[in-house]
Amino acid sequence: MRNQLFIKLSIVFLLILIAVGGIVTYISQYTARQYHLETNQKLHATLAQYTVDHLPNTFTDDGQIDTNSIQELMHSMMIINPDVEVYLLDNQGTILSHVAPYKKVVREKVDLEPVKKFIEAKGEIFIEGDDPRDLLGKKVFSVAPFIKDNQLKGYYYIILASQEKDAVMSSLLNTYAWRLGSRLLLITLLGSLILGLFAFWYQTRNLSKIKKVMEKFRHGDYSARVLESQKGDFAVLGDTFNSMASTIQQNIEKIVSIDSFRKELIANISHDLRTPLSIIQGYTETLLMKKDTLPKNQQEEYLDNIHESSKQLVGLVNQLFELSKLESNQIQVHKEPFPLQELTLDMAHRFEILAEQKNIHLEFEPVKDLPLVYADIGLVERVIQNILDNALKFTPEKGKITIKLYHDQNHVKVDISDTGKGIPKKRQSAIFERYIKSEPSENQKVGSGLGLAIAKKIMELHDSSIQVKSKLNVGSTFRFELPVYTA
Ligand SMILES: Nc1ncnc2c1ncn2[C@@H]1O[C@H](COP(=O)(O)OP(=O)(O)OP(=O)(O)O)[C@@H](O)[C@H]1O
Ligand SMILES: [Mg+2]
């Protein structure tokens, strides 16, 4: 894939270089011309005054300018120095006489404004005056006034660069400036081009690599990442892409795992629903078919089995409903301050009869001065109920269940221990996952495997957790903690 940004940047850069080159050439040409004019005027500033001062006969006997004698001088000047044009002006600026070859004078009058400024500044000024040969043109000049008896009679006006010289000068200047400009331009252009192109290539080199990685990602390679070694100004882009790609990849993985979990869940649920349903179906069919011949006690036994299976069904459906509500955040957590000890004691009392039936000793160790906790009573009740339910289910006869509460500065903790069959180390972290339950052979009454997943989710909603410590064939301790209420 071509580095298109690099090509575009290079073209723009080239255009900028050409524009800058043109401007530089123009400015240098203009400056060279200005320099030449200023030097010329400065060098010849006193030329007019000097000439006037050395004129033998400036005025006629009647006090007027002696045009003839001045014209002679003007001719001599022109012969000696063909660079100049000499004009004799009256005190209004009207051209009285001039010596300019080829009679190309087009103005009748010269503007006196610059002339006066020049005289006032005693020639220490750069100023251009009217060019008599050009209706719009301006030229550098030297000028001196003719004064007789304190009366201004006229001016001796010298244009310092004649049109001919100007023409030669400007063509020379043009060629010189063009040569200088073009050489400079060529060298700068080439130099800047090489440096600029390298700089652009260097700066944009990563972009095409990043683009390649993005393309790979777009075509489904979610592991494609911009390598760390690709530094430079576009490294930020690479890093941003990497983190974005990681998030997308994680989300995709999550979606895939949720999808496979759902499939598994549906398979499990249908299996779990099918068993009690087929039991119910089987017994009801038998009862319907043999209701007249079947002895009473067997009928009762069948009805008991039907009742047990329907209870199992209701339990499973309720658990599933509760977990799905918790996981989709449809349950509102109503936190309030309450004494956890009282709630735990209340739950223990409820389980006492069941424990007695199974000949299990249920022990509660009360503690004094426990602070209130801040949590949702109903949800915490579900956690205790699920833990006690398991303890009772997985502890054999003559076993013992102990409930202990204690607290530190910020939390009240509950430990529910049993002397049950225990949980193997490698299963301990898995039991809090949805649908992890004991093998059918281990227990007659197999649960749905949702009780601890519900407890874990409830604790998460309280920014807390539930943990287990267990030793196989010795027993298990489930612990959870809740924040102390601070008014
Ligand atoms: N006190 C315990 N002693 C031994 N094993 C336990 C204990 N508590 C939980 N377990 C193990 O963890 C598994 C998951 O427990 P959980 O409460 O989530 O599901 P369940 O009791 O099988 O079903 P349900 O609670 O939905 O009726 C249990 O099946 C069991 O194998
Ligand atoms: Mg359970």
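This is a short tour of charged pairs, aromatic pairs and surface patches in a predicted model.

**Stop 1: the N-terminal helix numbering**

Start with helix H1, residues 4-43, and select Ile11 within that helix. Now add Ile7, Leu14, Leu15 and Ile18 to the selection. Together with Ile11 they make a nonpolar surface patch of about 440 Å².

**Stop 2: a buried salt bridge**

Select Arg107 and Asp130. They form a salt bridge, with the closest N and O atoms 3.4 Å apart. Arg107 sits in the loop between strand S2 (95-99) and helix H4 (112-120), while Asp130 sits in strand S3 (residues 128-130), so the pair ties together parts that are 23 residues apart in sequence. Both residues, Arg107 and Asp130, are buried. Now add Lys138. Arg107, Asp130 and Lys138 are linked in a network of salt bridges.

**Stop 3: an aromatic pair across two strands**

Show Phe141 and Tyr157 as sticks. The search of the whole structure finds 10 aromatic pairs. Phe141 and Tyr157 form a tilted one, at 5.3 Å centre to centre with 40° between the planes. Phe141 belongs to strand S4 (residues 138-148) and Tyr157 to strand S5 (residues 151-159), so this pair ties together parts 16 residues apart in sequence. Are these two rings buried or exposed? Phe141 has a relative accessible area of 0%, so Phe141 is buried. Tyr157 is also at 0% relative accessibility and therefore counts as buried. Next, add Tyr87 and Phe118. Tyr87, Phe118, Phe141 and Tyr157 form one aromatic cluster.

**Stop 4: a salt bridge inside one helix**

Go to helix H5, residues 163-218, and select Glu215 and Arg218 there. The two are 3 residues apart, about one turn of the helix. They form a salt bridge, and the closest N and O atoms are 3.2 Å apart. Switch on the surface. Arg218 is exposed, because its relative accessible area is 60%. Glu215 reaches 28% relative accessibility, so Glu215 counts as partly exposed.

**Stop 5: a negative patch**

Keep the surface on and select Asp304. It lies in helix H7 (residues 296-327). At 52% relative accessibility, Asp304 counts as exposed, because the cut-off for exposed is over 50%. Add Glu300, Glu301 and Glu308. With Asp304, they gather in a patch of negative charge on the surface.

**Stop 6: a salt bridge between two helices**

Select Arg350 and Glu381. Their salt bridge has its closest N and O atoms 3.5 Å apart. This pair links distant parts of the chain: Arg350 is in helix H8 (residues 340-357), Glu381 is in helix H9 (residues 377-394), and they are 31 residues apart. How exposed is each partner? Arg350 is partly exposed, with a relative accessible area of 43%. Glu381 is partly exposed too, with 23%. How many salt bridges are there by this rule? The count comes to 14 salt bridges.

**Stop 7: an edge-to-face pair**

Finish with Phe432 and Phe478. Their ring centres are 6.3 Å apart and their planes stand at 75°, so the pair is edge-to-face. The pair links distant parts of the chain, 46 residues apart. Phe432 is in the loop between strand S10 (411-418) and helix H10 (451-461), and Phe478 is in strand S12 (residues 475-483). Hide the surface to see them, as both Phe432 and Phe478 are buried.

Key:
Residues numbered from 1 in each chain as written. Chains lettered and ligands numbered in written order. Predicted model: local features only at pLDDT ≥ 70, side-chain atom pairs only at ≥ 80, totals over all residues. Heavy atoms only, no water. Patch = residues over 30% accessible without salt bridge, like charges linked within 9 Å, V, L, I, M, F, W, Y side chains within 5 Å. Areas by Shrake-Rupley, 256 points an atom, 1.4 Å probe, with all protein chains shown as cover. Salt bridge = Lys/Arg side-chain N within 4 Å of Asp/Glu carboxyl O. Lys, Arg positive; Asp, Glu negative; His and termini not counted. Charge placed at Lys NZ, Arg CZ, Asp CG, Glu CD. Helix = DSSP H or I, 4+ residues; strand = E, 2+ residues; numbered from the N terminus. Buried < 20%, exposed > 50% of the residue type's maximum accessible area, 1.4 Å probe, protein only. Phe/Tyr/Trp six-rings, centres within 6.5 Å; stacked < 30°, edge-to-face > 60°.
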